[in-house]
Amino acid sequence: MRTKLLKIDNIMYRVKDLEVGERFYTEVLGLKKVWEDKERKMIGFQLDQSDAEIVIHANPDLGDFEFSYLVENVEEFICMFWIGFGIV
């Protein structure tokens, strides 16, 4: 059986100022803050009609822009991807 992509799980952006970013995403974009990790300098938000998250962070150890997918089976998906395309 082939595993498949189910959805976008999250999209993550780096911001210069986490507090300013939080106000922008809640007050301007109307997103709901669902979690915060003060140690890793991250905040997660949800859209009204999706359980996918938008995450902002001010952590220099993380990338400027990242995203992740939800898949049925991670191991099967990686194997399928390697066989089909030779890279991950």
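**Strands, burial and salt bridges in a predicted model**

User: Which residue in β4 stands opposite Ile 11?

Analyst: Ile 11 faces Ile 54 there. The model is a predicted one.

User: What makes β1 and β4 count as paired strands?

Analyst: Pairing requires at least two bridges between the strands. Strand β1 (residues 5-14) and strand β4 (residues 53-57) share five bridges, in the parallel sense. Five satisfies the requirement of at least two, so β1 and β4 are paired.

User: And what makes β2 and β3 a pair?

Analyst: Five bridges also join β2 to strand β3 (residues 42-46), here with the strands antiparallel. The cut-off is at least two bridges, so β2 and β3 qualify. Within this pair, Glu 36 stands opposite Ile 43 of β3. The hairpin of β2 and β3 has four residues between its strands, and in it Lys 41 takes a positive phi near 55°.

User: Why are β2 and β5 said to stand at the edges of the sheet?

Analyst: The sheet is open, has five strands in the order β2-β3-β4-β1-β5, and is mixed in its pairing. β2 (32-37) and β5 (65-71) each have a single partner strand, so one side of each has no neighbour in the sheet. On average, neighbouring strands of this sheet are turned by 20° against each other, direction ignored.

User: Why is Ile 56 called buried?

Analyst: Buried means a relative accessible area under 20%. Ile 56 has 0%, so the term applies. Ile 56 lies in strand β4. Its contacts, not counting residues up to four places away in sequence, include Tyr 13, Leu 18, Glu 22, Met 42 and Phe 45.

User: Is Tyr 13 buried, partly exposed or exposed, and what makes it so?

Analyst: Tyr 13, found in strand β1, has a relative accessible area of 32%. That value is neither under 20% nor over 50%, so Tyr 13 is partly exposed.

User: What makes Tyr 13 eligible for a nonpolar surface patch?

Analyst: Patch residues need over 30% relative accessible area and no salt bridge. At 32%, Tyr 13 passes the area cut-off. The patch, of about 580 Å², is made by Leu 5, Ile 8, Tyr 13, Phe 65, Phe 67 and Tyr 69. The elements giving two or more residues to the patch are β1 and β5.

User: How do you know that Lys 7 and Asp 51 form a salt bridge?

Analyst: The limit is 4 Å between a side-chain nitrogen of Lys or Arg and a carboxyl oxygen of Asp or Glu. The closest N and O atoms of Lys 7 and Asp 51 are 2.5 Å apart, so the pair meets the limit. Lys 7 belongs to strand β1 and Asp 51 to the loop between β3 and β4, so the bridge ties together parts 44 residues apart in sequence.

User: What makes Arg 14 and Asp 64 a salt bridge?

Analyst: Their closest N and O atoms are 2.7 Å apart, within 4 Å, so the pair qualifies. Arg 14 is in strand β1 and Asp 64 in the loop between β4 and β5, so parts 50 residues apart in sequence are tied together. Asp 64 has 54% relative accessible area, which is over 50%, so it is exposed.

User: How do you know that Glu 22 and Lys 33 form a salt bridge?

Analyst: The closest N and O atoms are 3.0 Å apart, again within 4 Å, so this pair is a salt bridge. Glu 22 lies in helix α1 (residues 18-28) and Lys 33 in strand β2, so the bridge links parts eleven residues apart in sequence. Through shared partners, salt bridges join Glu 22, Lys 33 and Glu 36 into one network.

Conventions:
Residues are numbered from 1 along each chain as its sequence is written. This is a predicted model: local features need pLDDT of at least 70, side-chain atom pairs count only at pLDDT 80 or more; totals for chains, interfaces and linings use all residues. Side-chain values use heavy atoms; hydrogens and water are left out. Axes are lines fitted to C-alpha atoms, for helices over the stretch in contact, and angles run from 0 to 180 degrees between N-to-C directions. Buried means under 20% relative accessible area, exposed over 50%, partly exposed in between (1.4 Å probe, protein chains only). Contact means heavy atoms within 4.5 Å. Patches are made of residues with over 30% relative accessible area and no salt bridge: like charges are joined within 9 Å, nonpolar side chains (Val, Leu, Ile, Met, Phe, Trp, Tyr) within 5 Å. Accessible areas come from the Shrake-Rupley method with a 1.4 Å probe; for residues, only the protein chains shown count as cover.
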